Amino acid sequence: MKQLTALITGASEGLGKSFAIEWARRGLNLVLVALPNSGLEYLANYLRVNFNSKVYCIEIDLTESTSASQIFQRLNTGGIEVNVLINNAGLGNWSWFEDKNADFYRTQIDLNITNTVLLTRLFLNHIDKANESYILNVGSLGGHFIVPKKQVYGATKSFIGYFTRCLQLELSGTNVHISLLSPGGINTKPELLVMNHTLKGFAKATILEADYVAKTAIDGMLKRKKEIIPGFANRFLVVLDKIIPGFLKEIIIRRKLKSILTA
């Protein structure tokens with residue numbers, strides 16, 4: 001485990017930042033990827049000083065068509081070998097489909113889907129398959145359920161789930177272990193914290209802190225779990241979804257949709 005070096009995308013804030021801190025806390029090394037001018041070097045210096053980790057930063061826009069290949073070119077040029085890939089970068093939203101323009105959805109699909117697929121493919125070329133390596137793809141409970149106002153985001157996360165499960169079969173019996181993280185709501189930004197604070201009862205129980213999700217995810221990945229769903233309430237929702245008949249779920253969704261329209 002001491003030899004593991006993780007490449008984490010979207011590492012400058014939110015869950016990605018929590019992944020980086022949790023990984024460094026374990027005394028392991030990092031390659032952090034995030035947008036230029038996103039404070040990545042400040043985070044890297046914090047990790048170097050407090051955890052004595054070796055941290056390499058790559059500032060790049062992952063929606064650019066050549067970004068995935070540029071990342072691995074830099075790693076190869078610098079003689080840096082990574083054996084853990086955490087595909088965390090993503091773009092979410094909470095809006096009606098017609099409220100966002102076509103460029104937004106292109107960016108969302110490029111970041112959530114295309115970037116994940118290309119980085120995963122190049123990672124498999126990069127690693128020494130004789131040694132243990134890991135891939136953690138960040139999906140969402142939104143990929144399990146039909147959620148109003150999350151139509152494209154949820155669809156991208158459904159793709160990540162399908163993609164990950166296929167790779168698990170293809171890579172079975174090898175030293176490459178791939179896990180799917182399916183979290184519910186996470187307190188990652190001030191505006192989300194305010195919105196989530198208004199929730200009550202079971203809905204509030206599904207919201208988790210980013211630090212907890214990151215620790216649970218990394219523990220699960222290293223234990224080679226196929227799917228990691230942090231929080232009892234979220235795991236209960238997935239079980240419940242398998243039990244409830246389809247027609248009843250549609251009624252519930254339509255009622256939820258009506259309550260959003262009248263809010």
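**Salt bridges in a predicted model**

Colleague: At 24% relative accessibility, does Asp219 count as buried, exposed or partly exposed, and what is the reasoning?

Modeller: In this predicted model, the relative accessibility of Asp219 is 24%. Buried would require under 20% and exposed over 50%. Asp219 therefore counts as partly exposed.

Colleague: Which residues does the network of salt bridges containing Asp219 join?

Modeller: The side chain of Asp219 meets that of Lys215 in a salt bridge, with 3.0 Å from N to O. Both residues lie in helix α8, four residues apart, which is about one turn of the helix. Lys215 is likewise partly exposed, at 42% relative accessibility. Salt bridges that share partners join these two into one network, whose members are Glu22, Arg25, Arg26, Lys215 and Asp219.

Colleague: How many residues apart in sequence are the parts that Glu132 and Arg224 tie together?

Modeller: Glu132 and Arg224 form a salt bridge, their closest N and O atoms being 3.1 Å apart. Glu132 lies in the loop between α4 and β5, and Arg224 in the loop between α8 and β9. The pair therefore ties together parts whose separation in sequence, in residues, is 92.

Colleague: Which strand does the salt bridge of Arg165 tie to helix α5?

Modeller: Arg165 meets Glu227 in a salt bridge of 3.4 Å, N to O. Arg165 lies in helix α5 and Glu227 in a strand, so the pair ties together parts 62 residues apart in sequence. Arg165 is partly exposed at 38%, and Glu227 is partly exposed at 28%. The strand that holds Glu227 is β9.

Key: Residues numbered from 1 in each chain as written. Predicted model: local features only at pLDDT ≥ 70, side-chain atom pairs only at ≥ 80, totals over all residues. Heavy atoms only, no water. Salt bridge = Lys/Arg side-chain N within 4 Å of Asp/Glu carboxyl O. Helix = DSSP H or I, 4+ residues; strand = E, 2+ residues; numbered from the N terminus. Buried < 20%, exposed > 50% of the residue type's maximum accessible area, 1.4 Å probe, protein only.
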